[in-house]
Amino acid sequence: MDPPAGDAALDSLLGDVRACRICADTLPLGPRPVVRMAKGARILIIGQAPGTKVHETGLPWNDASGDRLRDWLDLSVDDFYDPAKLAIMPMGFCYPGRFERGGDLPPRPECAPAWHDALLAHLPDIELTLLIGQYAQQRYLGPRRAKTMTETVHRFADYLSDNLLPMPHPSWRNTAWMKKNPWFEADLLPVLRQRVHRLLG
């Protein structure tokens, strides 16, 4: 059976993305672009960049941060990894390496300008985009961001009319942040889960 109209073009583009070598010389583990989507996806997750475990497996959010993110979304693993439901497009497609003092380096700046607009053109049905972390928020909210990521996330209701939802990274490093900002679980997560279940239910 022939694929639905447009799928072949998206598959071809995804092949180009996965073959990308623009910043190969800067990547400590070499290039392994990680992206996952299909044309009918209703939700888009724009995160930062793969960690080492994701680099090894090629499966996005295949780590403890992904477990927490799926809990935030109240989604099963099967639904989370169904590309016809949920698209995953990070700011940087490859593992960028680590700071000497610990923690991953920022996403490579080449990826989003090179690929995001082209990929988004193949996702006409997206009705909710999660902007996870400051890099996604900087690109997609621009001057509408608040002075800090915490304030931007706290003002999440200001962006919902554009189907955008800024969020912190679900890393274990942000556990203290969540305890310091209880409104995240009390106010934002119920809205997130309601929208996710309305779109995918």
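**Exercise 1. Find where the confidence of this predicted model is low, and set that stretch against the chain as a whole.**

Solution. In this predicted model, pLDDT stays under 50 over residues 1-5, and for these residues the model has one contact beyond four places in sequence. Turning next to the whole protein chain, the mean pLDDT is 94, and 97% of the residues reach 70 or more.

**Exercise 2. Describe the largest nonpolar core: which residues touch the most other members, and which elements give two or more residues to the core?**

Solution. Begin with the membership: the largest nonpolar core has 29 residues, and those that touch the most other members are Leu 73, Phe 184 and Leu 192. Next, look at the elements that give two or more residues to this core, which are the strands E1 (43-46), E2 (86-88), E3 (128-132) and E4 (164-167) together with the helices H3 (64-73), H8 (175-180) and H9 (183-200). Among the contributors, H9 gives the most, with eight residues. Apart from this core lies another one, of 24 residues, which include Met 37, Leu 44, Cys 111 and Leu 141. As general background, nonpolar side chains in soluble globular proteins tend to be buried together.

**Exercise 3. List what Phe 184 touches, not counting residues up to four places away in sequence, and then work out how the rings of Trp 72 and Phe 184 are arranged.**

Solution. With those sequence neighbours set aside, Phe 184 touches Trp 72, Val 153, Met 167, Pro 168, Trp 177, Met 178 and Leu 189. The structure holds four aromatic pairs. In one of them, the ring centres of Trp 72 and Phe 184 are 4.8 Å apart and the planes stand at 65 degrees, so this pair is edge-to-face, since that class takes angles over 60. Because Trp 72 lies in helix H3 and Phe 184 in helix H9, the pair ties together parts that are 112 residues apart in sequence. Both Trp 72 and Phe 184 are buried.

A further pair, Trp 177 with Trp 183, is also edge-to-face, with 5.7 Å from centre to centre and 80 degrees between the planes. Trp 177 and Trp 183 are both buried. As a last step, the residues of these pairs can be put together: Trp 72, Trp 177, Trp 183 and Phe 184 form one aromatic cluster.

**Exercise 4. Decide for Asp 117 and for His 169 whether each is buried or exposed, and describe the surroundings of each.**

Solution. Asp 117 has its place in helix H5 (residues 111-120). Its relative accessible area is 53%, and because the cut-off for exposed is over 50%, Asp 117 is exposed. Not counting residues up to four places away in sequence, Asp 117 touches Ala 112 and Arg 139.

His 169, for its part, lies in the loop between E4 and H8. Its relative accessibility is 17%, and because buried means under 20%, His 169 counts as buried. Leaving aside neighbours within four places in sequence, His 169 is in contact with Gln 48, Trp 61, Ser 65, Trp 72, Ile 132, Gly 133 and Asn 174.

**Exercise 5. State which domain UniProt places at residues 34-193, and describe that span in the model.**

Solution. The UniProt record, an unreviewed entry, places the feature "domain: Uracil-DNA glycosylase-like" at residues 34-193. In the model, the end C-alpha atoms of this span lie 25 Å apart, and the span is 38% helix and 10% strand.

Technical notes. Residues numbered from 1 in each chain as written. Heavy atoms only, no water. Core = buried A, V, L, I, M, F, W, Y, C linked by side-chain atoms within 4.5 Å. Buried < 20%, exposed > 50% of the residue type's maximum accessible area, 1.4 Å probe, protein only. Helix = DSSP H or I, 4+ residues; strand = E, 2+ residues; numbered from the N terminus. Contact = heavy atoms within 4.5 Å. pLDDT = per-residue confidence, 0-100. Phe/Tyr/Trp six-rings, centres within 6.5 Å; stacked < 30°, edge-to-face > 60°. UniProt positions renumbered as here; feature names shortened; annotations may be inferred.
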